[in-house]
Amino acid sequence: MKKHEIVIVGSGIIGICCALKLQLQGHQVLLIDKNDPASGCSMGNAGHFATEQIFPMASASIIKQLPSLLIKPNSPLSIKPSYLPKIIPWMMRFLMAARREQFTKGTHALKSLNDKAMQAYEDLIKASASEHLIKKAGYLLVFEGKKAQQ
Ligand SMILES: Cc1cc2nc3c(=O)[nH]c(=O)nc-3n(C[C@H](O)[C@H](O)[C@H](O)COP(=O)(O)OP(=O)(O)OC[C@H]3O[C@@H](n4cnc5c(N)ncnc54)[C@H](O)[C@@H]3O)c2cc1C
């Protein structure tokens, strides 16, 4: 394989995994960030390999919750009224993506990506001698009914 000099912008989990994988393939990689490595979203998460998360955010259930999410004072979702004109085109695409057919396509796409994720992580964890940081405890993902999946 031809070797390249590669620059990756962003040293969160995504940038770090890409950099390590490319390095293992023999490429020379420079990882740059405006802040410290893994100091963004990747620093404050729950640390769970969320391969079961195959359901797209754009779903009928989220659309149903939108009014209360937008009104409640402590809601994780808030949109500044001045930002509305900018975000409306994106929201329209989000609404379209929540249609059942698109939701099902998205679920299949995420499943096929996530099916390979754990093995891919294991290779990188081994290569970086980080096995001691991983705890395999297992988990169950359960739904109260068929509707709760959509
Ligand atoms: C509360 C919470 C809990 C979560 N729990 C889980 C979980 O248990 N399991 C799970 O799988 N996911 C979880 N997630 C999601 C997960 O943390 C993110 O999907 C993941 O960290 C995103 O990684 P990233 O590398 O894309 O982004 P980041 O970690 O945000 O990294 C992006 C990096 O790019 C840098 N950057 C951005 N712009 C520039 C620029 N212009 N120039 C230079 N550098 C730049 C930033 O400084 C940052 O360091 C959680 C998220 C949250 C908020």
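User: Let me start with one residue: is F49 buried, partly exposed or exposed?

Analyst: Happy to begin there. Relative accessible area is the value to read, with buried meaning under 20% and exposed over 50%. In this predicted model, F49 has 24% relative accessibility, so F49 counts as partly exposed.

User: Where does F49 lie, and which residues is F49 in contact with, leaving aside neighbours within four places in sequence?

Analyst: Place a residue by its element, then list its partners. F49 sits in the loop between strand 2 and helix 2. With neighbours within four places in sequence set aside, its contacts are M118, Y121, I125, I134 and Y139. Take Y121 as one of these partners: F49 and Y121 are 72 residues apart in sequence, with a C-alpha to C-alpha distance of 9.0 Å.

User: How far apart in space are G40 and A117?

Analyst: Here it helps to read sequence separation and spatial distance side by side. G40 belongs to the loop between strand 2 and helix 2, and its relative accessible area of 45% makes G40 partly exposed. Between G40 and A117 there are 21 Å in space, C-alpha to C-alpha, and the two are 77 residues apart in sequence.

User: Let's step back to the fold. How many helices and strands are in the protein, and in what order do the elements run?

Analyst: Count the elements, then read them from the N terminus. The protein has 5 helices and 2 strands, and the order is β-α-β-α-α-α-α.

User: What radius of gyration does the protein have, and what would a compact globule of 150 residues have?

Analyst: The idea is to set the model beside a reference value. The protein has 19 Å, whereas a compact globule of 150 residues would have a radius of gyration near 15 Å. For the extents, the C-alpha trace spans about 50 × 40 × 30 Å along the principal axes.

User: What percentage of the residues count as buried, and how much area does the protein expose?

Analyst: These two go well together. Of the 150 residues, 18% count as buried. The exposed area is about 12,000 Å², with 62% of it supplied by carbon and sulfur atoms. For contacts, take the pairs of residues at least 6 apart in sequence: 61% of them join residues at least 24 apart.

User: How many disulfides does the structure hold, and why is C17 not bonded to C18?

Analyst: A disulfide needs two cysteine sulfur atoms within 2.5 Å. The structure holds 0 disulfides. The closest cysteine sulfur to that of C17 is in C18, and C17 has no bond to it because 7.0 Å is too far. For C41, the closest cysteine sulfur is in C17, at 14 Å, again too far for a bond. As for accessibility, C17 is buried at 18%, while C41 is exposed at 73%.

User: Which value of phi does A38 have, and what about A129?

Analyst: For backbone angles, look at the sign of phi together with the residue type. A38 is a residue other than glycine, yet its phi is positive, near 50 degrees. A129 is not a glycine either, and its phi is positive at about 50 degrees. A38 is in the loop between strand 2 (28–32) and helix 2 (60–71), and A129 is in the segment after helix 5 (117–127). At 28% relative accessibility A38 is partly exposed, whereas A129 is exposed at 51%.

User: Last one: how far apart are the mean positions of the charges?

Analyst: Compare the mean position of each sign. For the 19 positive and 10 negative charges of the protein, these mean positions are 10 Å apart.

Conventions: Residues are numbered from 1 along each chain as its sequence is written. This is a predicted model: local features need pLDDT of at least 70, side-chain atom pairs count only at pLDDT 80 or more; totals for chains, interfaces and linings use all residues. Side-chain values use heavy atoms; hydrogens and water are left out. Helices (H or I, at least four residues) and strands (E, at least two) are DSSP runs, numbered from the N terminus. The radius of gyration is taken over C-alpha atoms; the globule rule is 2.2 Å times the number of residues to the power 0.38. Buried means under 20% relative accessible area, exposed over 50%, partly exposed in between (1.4 Å probe, protein chains only). Contact means heavy atoms within 4.5 Å. Accessible areas come from the Shrake-Rupley method with a 1.4 Å probe; for residues, only the protein chains shown count as cover. Lys and Arg count as positive and Asp and Glu as negative; His and the chain ends are not counted. The place of a charge is taken as NZ of Lys, CZ of Arg, CG of Asp or CD of Glu.
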